[in-house]
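User: I am new to this structure and would like a close look at a single part of it. Please start from one residue and then set it beside a few other places in the chain.

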Amino acid sequence: MRLKKVALMLGVVFLTGVTQMPVHASEVQTVNPVETSETDATVEMLDHTLAATAESDFTWKGTIITGYTGTETDIVIPQKATEIASNAFSGKSITSVSFEGNDVTTIGSDAFCNCTSLASVSFPAGLKTIGYEGFANCSALQQVVIPEGVQIIGARAFYGCSSLNSVEVKSSMLNDTGFDIFNDCSSLKTVTLSGNMSVIPDKMFQGAKYITSIVIPETVTSIGTNAFYGCT
């Protein structure tokens with residue numbers, strides 16, 4: 001495990017109610033942690049007064065969205081949907097995504113990959129899985145909040161999101177993550193883990209070399225292998 005590597009470059013902060021206590025390796029010079037606030041750590045939710053995008057603008061396999069054929073750029077996934085299939089929106093010129101309901105549990109691999117105009121995503125509360133490269137190279141995406149129920153985040157899920165500056169992970173159930181999730185996110189400096197997770201999974205922040213501060217809840221008792229590998 002490379003815990004010393006983490007301490008050398010990251011200001012790691014543990015949440016203890018209303019106070020924050022920086023934790024450093026004994027040989028490391030003190031690093032002032034980046035203060036966070038609700039505004040910093042929370043994504044502004046999309047305007048949910050938007051009507052759901054017409055079901056006819058999507059292609060379907062049962063309740064799974066397999067593609068998008070419409071022209072709207074602000075997408076509201078209809079209540080009917082339970083899954084976004086692999087490559088469903090890959091390369092589409094969309095600017096925002098929100099969900100009419102909370103029944104979507106899976107966003108497949110490459111589902112929104114290379115959507116370079118996508119600036120805002122509001123995930124549904126029922127989401128459990130974000131697949132491999134689900135949002136890779138979404139270069140306009142600025143903020144991400146991972147909902148409480150997410151259990152799996154695939155490798156390179158947000159790879160190359162060069163405008164991404166804020167990530168909050170609310171999940172307390174996260175048990176599996178792939179490598180390089182936030183690799184090459186050149187604007188990402190601060191991450192807040194606000195859920196009551198006990199374990200930071202293996203490789204969770206591997207390759208996220210631009211992060212300088214991470215807020216960790218006091219419930220964390222274990223940091224997985226290579227969780228911060230390459231955070232230089």
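Analyst: What follows starts with Ser171 and then turns to the salt bridges, two backbone angles, one sheet and the confidence of the model.

This is a predicted model, in which local features need pLDDT (the predictor's confidence in each residue, from 0 to 100) of at least 70 and side-chain atom pairs count only at pLDDT 80 or more, while totals for chains, interfaces and linings use all residues. Residues are numbered from 1 along each chain as its sequence is written, and side-chain values use heavy atoms, with hydrogens and water left out.

Ser171 sits in the loop between strand E13 (166-169) and strand E14 (176-177). Helices (H or I, at least four residues) and strands (E, at least two) are DSSP runs, numbered from the N terminus. Ser171 counts as buried because its relative accessibility is 0%; buried means under 20% relative accessible area, exposed over 50%, and partly exposed in between (1.4 Å probe, protein chains only).

Which residues does Ser171 touch, leaving aside its neighbours within four places in sequence? They are Ile146, Pro147, Glu148, Val150, Gly195 and Met197, where contact means heavy atoms within 4.5 Å. Two of these residues also face the Ser171 side chain with backbone oxygens: that of Glu148 is reached at 3.3 Å, and that of Val150 lies 2.6 Å from a polar atom of the side chain. A polar contact is a pair of N or O atoms within 3.5 Å; within protein, one must be able to donate a hydrogen and the other to accept it, and residues adjacent in sequence count only if both atoms are side-chain atoms. The C-alpha atom of Ile152, 19 residues away along the chain, is 10.0 Å from that of Ser171.

Next come the charged pairs. Side chains of opposite charge can pair when their charged atoms come close. The structure has two salt bridges, each a side-chain nitrogen of Lys or Arg within 4 Å of a carboxyl oxygen of Asp or Glu. In one, Glu133 pairs with Arg156, and the closest N and O atoms are 2.6 Å apart. Glu133 is in the loop between strand E10 (129-130) and strand E11 (143-146), and Arg156 is in the loop between strand E12 (152-153) and E13, so the pair ties together parts 23 residues apart in sequence. Glu133 is buried, at 12% relative accessibility. In the other, Glu55 pairs with Lys80, with the closest N and O atoms 4.0 Å apart. Glu55 is partly exposed at 40%, and Lys80 is partly exposed at 34%.

Two backbone angles deserve a note. Most residues other than glycine have a negative phi. Asn137, in the loop between E10 and E11, has a positive phi near 60°. Lys203, in the loop between strand E16 (199-200) and strand E17 (213-217), has a positive phi near 65°.

Elsewhere, three strands make an open sheet in the order E5-E7-E9, with parallel pairing. E5 and strand E9 (120-121) are at the edges with a single partner strand each, so one side of each has no neighbour in the sheet. Two strands pair if DSSP finds at least two bridges between them; four bridges join E5 to strand E7 (residues 96-99).

Finally, the mean pLDDT of the chain is 83, and 79% of its residues reach 70 or more. Over residues 16-48 pLDDT stays under 50.
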